[in-house]
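Trainee: Got a minute to go through a model with me? I'd like to talk about strands, helices and rings.
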Amino acid sequence: MADERPRPKGFDPTVPNIARMYDYYLGGKDHYEADRVRAEEAMAADPTLLSTIKANRAFLGRAVRYLAQQGIDQFLDIGTGLPTQQNVHQIAHSVNPDARVVYVDYDEQVVAHARALLANSENVRIVQADLRRPQEILDHPGTRALLDFSRPVALLLVATLHFIPDEDDPNGIMAQLRDALAPGSHLALTHASADGIPDVVAKVVEVYKKTSAPGTPRTAEQVRALFGDFELLEPGLVWAPLWRPEQPVTPEEAVRIWFYAGVGRKP
């Protein structure tokens, strides 16, 4: 049966876009008035939102560096967003210059920017595809040109899965992606949750309902299920700042960062 879900629409600067909003949070330049207005609304709903965004990004850096140090030399980053500083390929290449990285995003603007910036980068590709259609990602010529799925791959889904609503079956999507990976592969993800500060998260969710991709926060149990039978590495599924922090973080500080984070390994 054909997949009849709508494909992402073309570029429209009047519709607040989650990738451009994220770029605004991180101090980038690739955003428009509609993105800035909605991002400011989100920051008003949660005055510590920038800390959450930065903690999410910092987790990505720590996870990629750790995985590269463990000998993982293939990375599949789905929902990459607009290129910024310390991207996955830059971190991986600082450990292993031969590491291969495939970025995936459905957003035309993200893909266009990435292709321009990565034109001269070795062992890096950007693929336009939709996470809701995981087989298209796995079979894409750009993916297959760089990644060998008979060997371990690091699958990265950072601040991505909470934009997949329940009706699009995130657990089914993840099962298909996990099944395609060889033993020894790893999954690193972060996910928004209302477990810690539900009132604040609810306000941010209301803001995101007026963007290109409304969000669906999930409980720790629901996020843990996305790992399937992958074995969570220490310290398990925790608030993002608590995953192998480089600086001391108190539990009280961490709970304000309402993204769960974890890294799992396929047996």
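Mentor: Sure, we'll take the strands, then a helix pair, then the aromatics. Keep in mind that this is a predicted model.

Trainee: Okay, strand 1 then. Is it mostly covered or mostly open?

Mentor: Mostly covered. Strand 1 spans residues 74-78, and five of its five residues are buried.

Trainee: Which residues sit on each side of it?

Mentor: Gln 74, Leu 76 and Ile 78 are on one side, with Phe 75 and Asp 77 on the other. Both faces of strand 1 are covered.

Trainee: And in what sense does strand 1 pair with strand 2, parallel or antiparallel?

Mentor: Parallel, over five bridges, with strand 2 being residues 100-105. To find your way there, look at Ile 78, which stands opposite Val 104 in strand 2.

Trainee: How many bridges does strand 1 have with strand 4?

Mentor: Three, again in the parallel sense; strand 4 is residues 154-158. Here Phe 75 stands opposite Ala 154.

Trainee: Switching to helices. At what angle do helix 3 and helix 4 cross?

Mentor: Roughly 35°, and their axes come within 9 Å. Helix 3 covers residues 49-69 and helix 4 covers 88-95. The crossing is right-handed.

Trainee: Which residues make that contact?

Mentor: From helix 3 you have Leu 60, Gly 61, Val 64, Arg 65, Ala 68 and Gln 69. Helix 4 brings Val 88, Ile 91, Ala 92 and Val 95.

Trainee: What's the breakdown by class?

Mentor: Seven nonpolar, two polar and one charged.

Trainee: Now the rings. How many aromatic pairs does the structure hold?

Mentor: Five. One of them is Phe 59 with Trp 243, an edge-to-face pair at 5.4 Å centre to centre with 85° between the planes.

Trainee: Why does that pair tie together parts that are far along the sequence from each other?

Mentor: Because Phe 59 lies in helix 3, while Trp 243 is in the loop between strand 7 (238-239) and helix 11 (251-255), so the parts they join are 184 residues apart in sequence.

Trainee: Are those two buried or exposed?

Mentor: Phe 59 and Trp 243 are both buried. They also belong to one aromatic cluster together with Tyr 66.

Trainee: What about Trp 258 and Phe 259, why is that pair called edge-to-face?

Mentor: Their planes are at 80°, so the pair is edge-to-face, with ring centres 5.3 Å apart. The cut-off there is over 60 degrees. Trp 258 and Phe 259 are both buried.

Notes
Residues numbered from 1 in each chain as written. Predicted model: local features only at pLDDT ≥ 70, side-chain atom pairs only at ≥ 80, totals over all residues. Heavy atoms only, no water. Buried < 20%, exposed > 50% of the residue type's maximum accessible area, 1.4 Å probe, protein only. Helix = DSSP H or I, 4+ residues; strand = E, 2+ residues; numbered from the N terminus. Pairing = 2+ DSSP bridges. Axes fitted to C-alpha atoms, helices over the stretch in contact; angles between N-to-C directions. Left-handed = near helix turned anticlockwise from the far one by under 90°. Contact = heavy atoms within 4.5 Å. Nonpolar A, V, L, I, M, F, W, Y, C, P; charged D, E, K, R; others polar. Phe/Tyr/Trp six-rings, centres within 6.5 Å; stacked < 30°, edge-to-face > 60°.
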